[in-house]
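Biologist: Please take a close look at a single part of this model, the loop that holds the residue with an unusual backbone angle, and set that part against the chain as a whole.

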Amino acid sequence: GFCTPDEYRRFLQQCPIFERLLVEDGILLRKYWFSVSDAEQQRRFESRLNDPMRRWKLSPMDLESITRWEDYSRAKDEMFVHTDIPESRWFVVESDDKRTARLNMISHLLSTIPYHDVQRPLLELPERPASNSYVRPPRTQQTYVPDHAAALTE
């Protein structure tokens with residue numbers, strides 16, 4: 001429902017052509033798909049629903065995706081068939097564990113880019129000079145952002 005059937009077919013046809021053009025021009029193109037199990041995605045949605053600090057992450061699109069999970073999965077599979085080309089592969093990252101997924105993705109990305117170690121100079125924090133009679137102005141003279149987070153965690 002995001003586009004017409006003609007737009008969808010045109011995307012699947014043109015995307016690999018466009019990606020090849022980018023790669024031929026020397027652009028390093030990497031595509032990652034973060035794969036989440038049904039059970040983990042459900043757990044994340046429920047967690048967001050019950051956590052006022054993370055509720056904003058639960059969008060109307062997320063709610064809709066619950067009832068269209070299989071449709072979205074089929075569309076993703078079809079997209080992979082057409083857009084996983086030798087010049088620009090899709091790399092699937094198992095991401096039930098977010099931290100592990102991010103580390104694996106970063107490690108993989110870095111392994112695909114030619115680079116060399118850079119010698120970094122040793123840094124030392126300088127001694128902070130003694131106060132030169134500076135006094136912060138009273139808080140009442142400045143406009144502060146309200147501490148909304150404190151109200152949510154009470």
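Modeller: A contact here means heavy atoms within 4.5 Å. With that in hand, and keeping in mind that this is a predicted model, residues 24 or more positions apart account for 69% of the contacts in the protein chain with a separation of 6 or more. The secondary structure comprises six helices and two strands, which follow one another along the sequence as α-β-α-α-α-β-α-α.

The part you ask about lies between α5 (98-111) and α6 (148-152), and S133 has its place in that loop. Phi of S133 is near 65°, a positive value in a residue other than glycine. Most residues other than glycine have a negative phi. As for its surroundings, S133 has a relative accessibility of 66% and therefore counts as exposed, the cut-off for that class being over 50%.

Turning to the whole, 16% of the 154 residues of the protein chain count as buried. The radius of gyration of the protein chain is 24 Å, whereas a compact globule of 154 residues would have a value near 15 Å, and the C-alpha atoms fill a box of roughly 70 × 45 × 30 Å along the principal axes. The accessible surface of the protein chain is about 13200 Å², with 57% of that area belonging to carbon and sulfur atoms. Among the side chains, 22 are positive and 25 are negative, and the centres of these two sets lie 4 Å apart.

Key. Residues numbered from 1 in each chain as written. Predicted model: local features only at pLDDT ≥ 70, side-chain atom pairs only at ≥ 80, totals over all residues. Heavy atoms only, no water. Helix = DSSP H or I, 4+ residues; strand = E, 2+ residues; numbered from the N terminus. Rg over C-alpha atoms; globule rule 2.2 N^0.38 Å. Buried < 20%, exposed > 50% of the residue type's maximum accessible area, 1.4 Å probe, protein only. Areas by Shrake-Rupley, 256 points an atom, 1.4 Å probe, with all protein chains shown as cover. Lys, Arg positive; Asp, Glu negative; His and termini not counted. Charge placed at Lys NZ, Arg CZ, Asp CG, Glu CD.
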